[in-house]
Amino acid sequence: DLMNCSGCHGGGAVGLIGPSLVDGRWWYGSEDGALFHSIFYGRPNGMPAYGGILSEATIWQMVTYLRAQPLPDVVPTVSWR
């Protein structure tokens with residue numbers, strides 16, 4: 001379960017305290033580099049930075065893992081922007 005991600009993003013990364021990571025809706029962009037940036041540097045209001053804690057290779061593996069998750073049928077898959 002992606003380190004401690006499920007504590008905020010829920011089991012299966014469908015959202016809990018933090019947003020869903022599998023619904024196709026991204027505040028900071030949907031490109032792989034934007035996902036990497038969010039994990040490595042963190043984001044305001046709750047997303048911690050994992051750069052320096054996790055290797056860059058591990059963060060890229062997390063991005064790949066997130067991309068491999070199926071889109072749920074029960075949540076919107078429309079971009080925020």
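**Close-up views of a predicted model**

**View 1. Phenylalanine 40 counts as buried, at 18% relative accessibility.** In this legend and those below, buried means under 20% relative accessible area, exposed over 50% and partly exposed in between (1.4 Å probe, protein chains only). The model is predicted, so local features need pLDDT of at least 70 and side-chain atom pairs count only at pLDDT 80 or more, whereas totals for chains, interfaces and linings use all residues. Residues are numbered from 1 along each chain as its sequence is written, and side-chain values use heavy atoms, with hydrogens and water left out.

**View 2. Phenylalanine 40 and tyrosine 41 form an edge-to-face pair of rings.** The two ring centres of phenylalanine 40 and tyrosine 41 are 4.7 Å apart, and the planes meet at 70°. The rule takes rings of Phe, Tyr and Trp (its six-membered ring) with centres within 6.5 Å, and calls planes under 30 degrees apart stacked, over 60 edge-to-face and the rest tilted. Although phenylalanine 40 is buried, with a relative accessibility of 18%, its partner tyrosine 41 is exposed, with a relative accessible area of 53%.

**View 3. Phenylalanine 36 and phenylalanine 40 are stacked within helix α2.** By this rule there are 3 aromatic pairs. One of them joins phenylalanine 36 to phenylalanine 40, with 5.5 Å from centre to centre and 15° between the planes, which is a stacked arrangement. What separates these two residues along helix α2? Phenylalanine 36 and phenylalanine 40 lie 4 residues apart in α2 (residues 32-41), which means that about one helical turn separates them. Phenylalanine 36 is buried, its relative accessible area being 11%. Ring pairs also extend the picture beyond two residues, since Phe36, Phe40, Tyr41 and Trp60 are linked by them into a cluster.

**View 4. Cysteine 5 and cysteine 8 are not joined by a disulfide.** The structure holds 0 disulfides, a disulfide being a pair of cysteine sulfur atoms within 2.5 Å. Why does cysteine 5 have no such bond? The closest cysteine sulfur to that of cysteine 5 belongs to cysteine 8 and is 8.7 Å away, which is too far for a bond. Seen from the other side, cysteine 8 is in no disulfide either, and the nearest cysteine sulfur to it is that of cysteine 5. Cysteine 5 is buried, with a relative accessible area of 15%, while cysteine 8 counts as partly exposed, at 36% relative accessibility.

**View 5. Leucine 54 lies in the loop that runs between α2 and α3.** Is this loop residue, leucine 54, buried or exposed? With 11% relative accessibility, leucine 54 counts as buried. Its C-alpha atom is separated by 9.4 Å from the C-alpha atom of isoleucine 39, a residue that is 15 residues away from leucine 54 along the chain.

**View 6. The protein chain has 3 helices and 0 strands.** Helices (H or I, at least four residues) and strands (E, at least two) are DSSP runs, numbered from the N terminus. When the sequence is read along its length, the helices of the protein chain give the pattern α-α-α. The protein chain has 81 residues, and 35% of them count as buried. Among the buried residues shown in the earlier views are cysteine 5, at 15% relative accessible area, and leucine 54, at 11% relative accessibility.
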